[in-house]
Amino acid sequence: MTSLPFDAATICQAKEVAKTPPPDVLDPRIERLVNELIGRVADKWTMIILEVLDAHGELRFTQLARKIEGISQKMLTQTLRQMERDGMVTRTVHPVVPPHVDYRLTQLGQSLGAAFCGVWIWAEENLETVEKARNDFDAR
């Protein structure tokens, strides 16, 4: 599984978590948070920002924008603000002219990225099956 962007310990942990059955009664606050986070991460940009910051560490806003193809300045700003609000990134403003702003993943942001390790594992293990199903469907 060397193609996955996660270390062996994270992959092992994700596989163990996947085996754990969900509780019979869900805390509605947890369910709400999960739904919010899935919606946010499913917005595309959040997950890409998580991956870029994880790979490169602390980056200036302009460096981050250059590494994310297709994102507008407005969308990057909005996504980073929401991620900061959720505690996923820290924003450091340096008092210089022109302003210099850095972004870095927090431990919480790193752990969210690791939580999606299971999706990467699933995708790698099921890639051929999904591609075959799509090809079969498209051939009809």
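**Exercise 1.** Which residue follows α5, and what is the sign of its phi?

*Solution.* Start with what is being read. This is a predicted model, in which local features need pLDDT of at least 70, side-chain atom pairs count only at pLDDT 80 or more, and totals for chains, interfaces and linings use all residues. Residues are numbered from 1 along each chain as its sequence is written, and side-chain values use heavy atoms, with hydrogens and water left out. Helices (H or I, at least four residues) and strands (E, at least two) are DSSP runs, numbered from the N terminus. Now go to the end of α5: Gly87 follows this helix, and the phi of Gly87 is positive, near 85°.

**Exercise 2.** Describe the order of helices and strands in the chain.

*Solution.* Count the elements: there are 7 helices and 3 strands. Then read along the sequence, which gives α-α-α-β-α-α-β-β-α-α.

**Exercise 3.** Compare the span of α5 with its expected span.

*Solution.* The expected span of a helix is 1.5 Å times one less than its number of residues. Helix α5 covers residues 73–85, which is 13 residues, so it should span 18 Å. Its end C-alpha atoms are 18 Å apart, in agreement with that value.

**Exercise 4.** Find the buried side of α5 and what packs against it.

*Solution.* Buried means under 20% relative accessible area, exposed over 50%, and partly exposed in between (1.4 Å probe, protein chains only). By this rule Leu76, Thr79, Leu80 and Met83 of α5 are buried. They lie on the same side of α5 because they cover an arc of only 100° around the axis; the arc is that of the directions from the helix axis to the C-beta atoms. The face turned away from this side carries the exposed residues Lys74, Arg81 and Arg85. The packing partners of the buried residues are α3, α4 (61–67), β2 (89–94) and β3 (100–105).

**Exercise 5.** Examine α3, one of these partners.

*Solution.* Helix α3 runs over residues 45–56 and has 12 residues. From first C-alpha to last it reaches 16 Å, close to the 16 Å expected. Its buried residues are Trp45, Thr46, Met47, Ile49, Leu50, Val52 and Leu53. After α3 comes Gly57, with a positive phi near 75°.

**Exercise 6.** What percentage of the residues of the chain count as buried?

*Solution.* The chain has 140 residues, and 26% of them count as buried. For its extent, the C-alpha atoms fill a box of roughly 55 × 40 × 30 Å, taken along the principal axes.

Note on methods: Contact = heavy atoms within 4.5 Å.
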